[in-house]
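Let us walk through this structure step by step. Keep the sequence and the 3D view side by side.

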Amino acid sequence: MMKKSYYTQIAGLGIVLLILLAFKNYSKAESENFPEIKFISENSPVLSLTDFDPNDLNEEQWQHLGFSSKQIATILNYKKMIGGRFISKEQFKKCFAVSAEKYSELETYILLPENNKEATSNKFKNFEKRAVTISGRFNPDYYSASDWIQMGFSEKQADAILKYKKYLGGSFVSKEKFKECFIISEENFQKMSPYLILPEKAPASFTHYSKNNRFEKTNIQYHLFDPNTLDLEGWKSFGFSDKQSQTIINYRDRNLKGSFKSLEDLQKCFVISDKKFEEMKPFIRLSSAPNNDKIKQQEKTDFSKVDLNAITFKQLIEFGFDEKAAGSMIGFRKKLGGFVNKEQILTTYNIDPELTEKLLAIAQLNTSNVQKYTLTEAPEEWLRNHPYFKYSADKIIYYRISNPNDRKIWKYLKLKPEYEARMRLYTK
């Protein structure tokens, strides 16, 4: 009997201990708060992405990429932990706040070497994002995509800058507003700021800009008008700023030789948005340009005798290209040092392919004055500025120091066939 009582007590004590242990674990689970980490889901809004260096982004710019405040704090802390700078895509991917899906979305836009080994090897010792080159004071309102690309931005970045300008109504307004462009890093803004022909701050009258980058509709009283006779104050009365009004007048007087010939001419003026044009359209009474027939007769050109390496901006406009396309073709030709074949012209940014093919079928191409070099004798400045060579310039300069032999340098470069083919167009 004593033995049975003893086992009964032991069993009872065991049950009590199990109950206490279960209660303790339940209480601990109730009281322990785990940090909430939210990753970007598949339902996140579509982002307008462009090339970027994760070392340049501030908190607001990380938000533009779709990261939450907690994720941003984690990324910035992780960057401090690894020495204050991401050196490769591989290192950035390891940050646990960046999900696999998010990394896959951003990977092609990240301006970093693929892995740590490449970042620390001699081959990528001088790996850097594209450097911004500024030749002098400039007004960004007048810059086309090709101008931004020439400065050092990628095509996607150039498009994004122009879209931002359009959001602002066709003008950057001030350095303050220009700086808010997501594409312009703090480092690049500091480089450009002394050269920007813009006021420091937006004028007090600039009240249309709102947090969502849209303009509030103002009470504008439209009336019948002739855009060929409207002066600065007239354009301002329709809601345009001083700079926008002056730009319209300059476009009319300089680019169109004093008059808008059609509604399409007016619509093409880049400071006039599509919405603004539709608002004004019912009130436009366009007069015919004086002596228009004489002007056309004077401008007639025999394009069968024109050299594509010497064709002028004015002649391209006469043929039918718009200002942006003509500027792009002339700018691209200048960077190349002249076209070597007609196919190159079709790759010009902002060009109209059908119209270009018509010109190519008519005009001549003289390549006798196009400068060519061997890889061993090409000037460094030429290599760094030429569109086909600039991304391989540092490697060419490095390899030719110890191997002044073109055949060996081509072998060391290990270029894609299409890249090598276009580079060889400009080598002896």
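How many salt bridges does the count come to? The count comes to 13 salt bridges. Keep in mind that this is a predicted model. A salt bridge here is a side-chain nitrogen of Lys or Arg within 4 Å of a carboxyl oxygen of Asp or Glu.

Start with Arg384 and Asp394. They form a salt bridge, and their closest N and O atoms are 2.5 Å apart. Arg384 sits in helix 20 and Asp394 in helix 21, which spans residues 393-402, so the pair ties together parts that are 10 residues apart in sequence. How open are these two side chains to the surroundings? Arg384 has a relative accessible area of 39%, so Arg384 is partly exposed. Asp394 counts as partly exposed too, because its relative accessibility is 38%. Salt bridges can also share partners. In this way Glu233, Lys236 and Asp242 are joined into one network.

Now turn to Glu377 and Lys428. Their side chains meet in a salt bridge, at 3.4 Å from N to O. This pair links distant parts of the chain, 51 residues apart. Glu377 lies in the loop between helix 19 (353-362) and helix 20 (380-385). Lys428 lies in the segment after helix 23 (417-424). Is Lys428 buried or exposed? Lys428 is exposed, because its relative accessible area is 66% and exposed means over 50%. Glu377 has 42%, so Glu377 is partly exposed.

Stay in that segment for a moment. Thr427 is also found after helix 23. Its relative accessible area is 12%, so Thr427 is buried; the cut-off for buried is under 20%. Which residue does Thr427 approach across the sequence? The partner is Thr374. The two are 53 residues apart in sequence, yet 5.2 Å apart in space, C-alpha to C-alpha.

Next, find Lys179. This residue belongs to helix 9, residues 175-179. Lys179 forms a salt bridge with Glu186, and the closest N and O atoms are 3.6 Å apart. Lys179 counts as partly exposed, because its relative accessibility is 38%. Glu186 is partly exposed as well, with a relative accessible area of 40%. Lys179 also has a spatial partner in Phe189. They are 10 residues apart in sequence and 6.4 Å apart in space, from C-alpha to C-alpha.

Look just before helix 9. Val173 is found in the loop between helix 8 (155-167) and helix 9. Its backbone has a positive phi of about 70°, although Val173 is not a glycine. Is Val173 buried or exposed? Val173 is buried, because its relative accessible area is 13%.

Another loop holds a residue with a positive phi. Lys257 is found between helix 12 (242-255) and helix 13 (263-267). Its phi is about 60°, and Lys257 is not a glycine either. The relative accessible area of Lys257 is 39%, so Lys257 is partly exposed.

Go back towards the start of the chain. Where does Ser99 lie? Ser99 lies in the loop between helix 4 (89-93) and helix 5 (100-106). With a relative accessible area of 10%, Ser99 is buried. Its side chain reaches the backbone nitrogen of Lys102 at 3.1 Å. On the other side of helix 5, Thr108 is found in the loop that leads to helix 6 (116-120). Thr108 is exposed, because its relative accessible area is 62%. Thr108 and Phe52 are 56 residues apart in sequence and 9.7 Å apart in space, C-alpha to C-alpha.

Finish on the surface. Which residues gather in a patch of negative charge? They are Asp322, Glu323, Asp352, Glu354 and Glu357. Asp322 has its place in the loop between helix 16 (313-319) and helix 17 (323-336). Its relative accessibility is 37%, so Asp322 counts as partly exposed.

Conventions
Residues are numbered from 1 along each chain as its sequence is written. This is a predicted model: local features need pLDDT of at least 70, side-chain atom pairs count only at pLDDT 80 or more; totals for chains, interfaces and linings use all residues. Side-chain values use heavy atoms; hydrogens and water are left out. Patches are made of residues with over 30% relative accessible area and no salt bridge: like charges are joined within 9 Å, nonpolar side chains (Val, Leu, Ile, Met, Phe, Trp, Tyr) within 5 Å. Accessible areas come from the Shrake-Rupley method with a 1.4 Å probe; for residues, only the protein chains shown count as cover. Lys and Arg count as positive and Asp and Glu as negative; His and the chain ends are not counted. The place of a charge is taken as NZ of Lys, CZ of Arg, CG of Asp or CD of Glu. Helices (H or I, at least four residues) and strands (E, at least two) are DSSP runs, numbered from the N terminus. Buried means under 20% relative accessible area, exposed over 50%, partly exposed in between (1.4 Å probe, protein chains only). A polar contact is a pair of N or O atoms within 3.5 Å; within protein, one must be able to donate a hydrogen and the other to accept it, and residues adjacent in sequence count only if both atoms are side-chain atoms.
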